[in-house]
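Here is a brief report on a two-chain model. Look over the sequence and structure first, then read on for the contact between the chains.

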Amino acid sequence: MQPEHLNLLYLVAAVLFILGLKNLGHPRTAVRGNILGAVGMALAVVGTLWFQGFVHMELVAGGLIGGSIVGIVLAVRIKMTAMPQLVGLFNGFGGVASVLVAGAVLIAAVATAVMGAGSGLAMSLQESVATAASGLIGAVTFLGSLIAFGKLQGIVTEKPVRYHGEQVVKVLVLGGALVLSAMIVLDPSRTELYWALVGLSAVLGVLLVMPIGGADMPIVIALLNSYSGIAAAATGFVLSNNVLIVAGSLVGASGIILTQNMCKAMNRSLANVLFGGVGAIVENKEQGDIYAGKVKSTSAEEVAMILKTASRVAFVPGYGMAVARAQTGVRLLTEAMEADDIHVEFGIHPVAGRMPGHMNVLLAEENISYDKLREMDAINPDFPSTDVVIVLGANDVVNPIARESAGSPISGMPILDVDKARTVVVIKRSLSPGFAGIANPLFAADNTLMLFGDGKKVMEELVAAYKDA
Amino acid sequence: MLDTAAFINILTIFVLAIFVGFEVITKVPPILHTPLMSGSNAISGITVIGALLALGAGGGTFTTVLATAALFFATINVVGGFVVTHRMLSKFKKRD
């Protein structure tokens, strides 16, 4: 095969990636979109092997088969609740692959330059700059993703790890990495500098992610997704390879968009998430006053009777629902109510769950039809005409305090206006605050009933009570 | 040192691809953001091609070891990413 033919094949692969991503935009076409992407990748791999005349086949087969087995096992066995960790881990593997490819190309180029007795540098300016970028971004992605994985998996503390002079340390390490990058560009033949850069960037990845708390992990995962794309694109510049550049920049753009969406949904800037954090938990002294004597506790039987008379019901699920594994009860209750001609839908906050769109996956897994899942902006105007809203495992995203312009960590965050519904039923273990650490006046509102207990158990009781009522 | 014409060519591809990415991705609704992320994640495993090229270009033992390791990790990324995305998407159903 000629190089031109391979490049034409890469063009076909790139087009398939774009069409694949485009088809991922609708539930009806999404499966096809994913397959188009996979076909593009397979074409690129087979074409590359063919072009090279199938050299080193034992190593190629080993890498491809070994990687496929590990990938398939991870993908098939992962629980849907653990999806953010898995995507984080895959991001990290993409990052480390970029580090290793750039390193391999650098070493080969230096060896060739030495043997060729040529004068001057082993790499062009484009190649050396791209090599340094691959090493830096790839290593930050790798270690940052591993820490994010650890935090989500509970191996590393979920709490923000903050210390005195944190920002100074980060700036110094980044500065050091940039100095090393510049030295690599000036003299690529000193390959030890590349590994020093990789090591320092790995430290930077740890430093960047450790101070970020569990609640902000979705943003970090989205951002690392973007970095893994940028790292792949940088490796594309090392090899002057179009398909790496196109695929890498598509993913880089996608990650940035998702990151921005998540930040907007939390009314925070990216800088605030990365460097500010929510900070220390605000002590809320008036918590007792907000709730004192105003919280009304209810029973499954009472809620079942209210539901029987309703014509429009909305669920607002949070990650707590998935933790309690209450989805099955939610589906059973939904089916029972729909059998009575009650209109049931789901209000999904953009940051519900642990990554963008996570809640939709968790509900889809429970076989809940996707046309019932409504975005915040779509469902908010309908709350005043909703009879009952059932809040299950969500807290900060329904806190009316967010509508106040200042004075609270969540001020200005867009929320689901569930308090405007006729009756709000909040299923929760206790009155304890959510991630933001603040009290929620919704729990004490006149139209709110608290149904205390474990989400799964309460939903089972509700289903039984509804069927008896 | 720098082949300016060639560099500008691939820079053009890079910049245009970013714009295409923004255009295509902005239209994906939030309901599909998790599969979008894992699917695009699989595509970022395109480094697998880089690993194959580095492996095929020949070189010393160390180069070969690095390229093979890269191939292994990138393949996990690609295959795992596409499979898990397929698994998720097959659950998105509309019941009438």
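In this predicted model, 98 residues of chain A are in contact with 82 residues of chain B. Which helix gives the most to the side of chain A that touches chain B? Helix H4 of chain A, residues 83–115, does, with 18 residues.

The table sorts two sets of contact residues by class.

| Set | Nonpolar | Polar | Charged |
|---|---|---|---|
| Side of chain A that touches chain B | 60 residues | 34 residues | 4 residues |
| Contact of H2(A) with H3(B) | 7 residues | 1 residue | no residues |

The second row concerns one pair of helices. Helix H2 of chain A covers residues 30–51, and helix H3 of chain B covers residues 47–56. Their axes come within 10 Å and cross at roughly 10°. Angles under 35 degrees count as roughly parallel, so H2(A) is roughly parallel to H3(B). From H2(A), the contact residues are A:Ala44, A:Val45, A:Thr48 and A:Leu49. H3(B) supplies B:Val48, B:Ile49, B:Leu52 and B:Leu53. No charged residue takes part in this helix contact.

Now chain A by itself. Its secondary structure comes to 17 helices and 6 strands. The C-alpha trace spans about 85 × 50 × 35 Å along its principal axes. Chain A has 469 residues, and 52% of them count as buried. How much of the contact in chain A, at a separation of 6 or more, joins residues 24 or more positions apart? Such pairs account for 79% of those contacts.

Key:
Residues numbered from 1 in each chain as written. Chains lettered and ligands numbered in written order. Predicted model: local features only at pLDDT ≥ 70, side-chain atom pairs only at ≥ 80, totals over all residues. Axes fitted to C-alpha atoms, helices over the stretch in contact; angles between N-to-C directions. Helix = DSSP H or I, 4+ residues; strand = E, 2+ residues; numbered from the N terminus. Parallel < 35°, antiparallel > 145°, perpendicular 65-115°, else oblique. Contact = placed C-beta atoms within 7 Å. Nonpolar A, V, L, I, M, F, W, Y, C, P; charged D, E, K, R; others polar. Buried ≥ 20, exposed ≤ 12 C-beta atoms within 10 Å, placed from the backbone.
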